[in-house]
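Thank you all for making time this morning. I would like to walk you through one structure, slowly, and I will ask you to keep the sequence and the three-dimensional view open while I talk.

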Amino acid sequence: MATIEIRKPHTLGRDAARAKAEEIANRLKEKLSLDWEWSGDSVMFEAKGGAAKGAKGTLVVRADEIEVNVDLPLMLRPLKGMVESKIREKLDAI
């Protein structure tokens, strides 16, 4: 079970939402050294090093919704509220 689960409706359509998801994944790669790849309509990501080491999850793109699931490693779980808040903030901005 994911530590953080967020569902956010959107009106972008699947293709535009996929482009935004890839934009998010590239930002995460730059800022947190997360590795990512597409698997169908999902971006699978994992931090193998850096400040987010051990964090992994998915960003699932649907025609009218985006779903973010993040598993935080034990050491980052105390920061769950802050991480979840930042994710929601970024999704709202996009």
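I will go from the nonpolar core to the pocket, and then to a few single residues.

Please bear in mind throughout that what you are looking at is a predicted model.

Let me begin with the inside. The largest nonpolar core has 21 residues, and those with the most contacts inside it are L59, V68, V70, I87 and L91. If you colour the chain by element, you will see that at least two residues of this core come from each of β1 (4-9), α1 (14-32), β3 (42-47), β4 (56-61), β5 (65-71) and α2 (80-93). Which element gives the largest share of this core? That is α1, from which 4 of the core residues come.

Two of those core residues deserve a closer look, and I will take L59 before V68. L59 sits in strand β4, and because its relative accessibility is 4%, L59 counts as buried. Setting aside neighbours up to four places away in sequence, which residues does L59 contact? The list runs through A21, I24, D41, S42, V43, F45, I66, E67 and V68. One of these partners, D41, is 18 residues from L59 in sequence, while the two C-alpha atoms are 8.5 Å apart in space.

V68, for its part, touches I4, E5, I6, T58, L59, I87 and L91, again leaving out residues up to four places away in sequence. T58, which you have just heard among the partners of V68, is also in strand β4. With a relative accessible area of 16%, T58 falls under the 20% cut-off and is therefore buried. Beyond four places in sequence, T58 touches V43, M44, F45, E67, V68 and N69.

Now to the pocket. The largest pocket holds about 730 Å³ of space. Of the 23 residues that line this pocket, L28, L32, V83, K86 and I87 are the closest to its centre, and you may recall I87 as one of the residues with the most contacts inside the core. The elements that give two or more residues to the pocket lining are α1, β5 and α2, and the largest share, 6 residues, comes from α2.

Staying with α2 for a moment, I would point you to K80, which is found in that helix. Is K80 buried or partly exposed? Its relative accessible area is 32%, so K80 is partly exposed. Not counting residues up to four places away in sequence, K80 touches T3, I4 and L72. For a sense of distance, the C-alpha atoms of K80 and A21, which are 59 residues apart along the chain, are separated by 21 Å.

Let me turn next to a pair of residues that meet across the fold, E46 and S33. E46 is in strand β3 and, because its relative accessibility is 35%, counts as partly exposed. Apart from residues within four places in sequence, E46 touches S33, L34, D35, A55 and K56. E46 and S33 are 13 residues apart in sequence, and their C-alpha atoms are 8.7 Å apart.

S33 itself lies in the loop between α1 and β2 (34-39), and its relative accessibility of 43% is why it counts as partly exposed. What is the sign of phi at S33? It is positive, near 60°, in a residue other than glycine. As background, most residues other than glycine have a negative phi.

A second loop residue is P73, between β5 and α2. Although P73 is in a loop, its relative accessibility is 18%, so P73 counts as buried. P73 touches K53, G54 and A55, once residues up to four places away in sequence are left out, and A55 is also one of the residues that E46 touches. The C-alpha atoms of P73 and F45 are 28 residues apart along the chain and are separated by 14 Å.

I will finish with the aromatic rings. How many aromatic pairs does a search of the whole structure find? The number is 0. There is, however, a charged residue over a ring to look at, since R18 lies over the face of W38, at 3.9 Å from the ring centre.

Definitions and conventions: Residues are numbered from 1 along each chain as its sequence is written. This is a predicted model: local features need pLDDT of at least 70, side-chain atom pairs count only at pLDDT 80 or more; totals for chains, interfaces and linings use all residues. Side-chain values use heavy atoms; hydrogens and water are left out. Rings of Phe, Tyr and Trp (its six-membered ring) pair if their centres lie within 6.5 Å; planes under 30 degrees apart count as stacked, over 60 as edge-to-face and the rest as tilted. A charge sits over a ring if NZ of Lys or CZ of Arg is within 6 Å of the ring centre and within 35 degrees of the ring normal. A nonpolar core is a set of buried Ala, Val, Leu, Ile, Met, Phe, Trp, Tyr and Cys residues joined through side-chain atoms within 4.5 Å. Buried means under 20% relative accessible area, exposed over 50%, partly exposed in between (1.4 Å probe, protein chains only). Contact means heavy atoms within 4.5 Å. On a 1 Å grid over the protein atoms alone, a cavity is a set of points where a 1.4 Å probe fits but cannot get out, and a pocket is an open set with protein on both sides within 12 Å along at least five of seven lines; lining residues have an atom within 4 Å of a point. Grid points are joined across faces, edges and corners, and a volume is the space filled by probe spheres set on the points.
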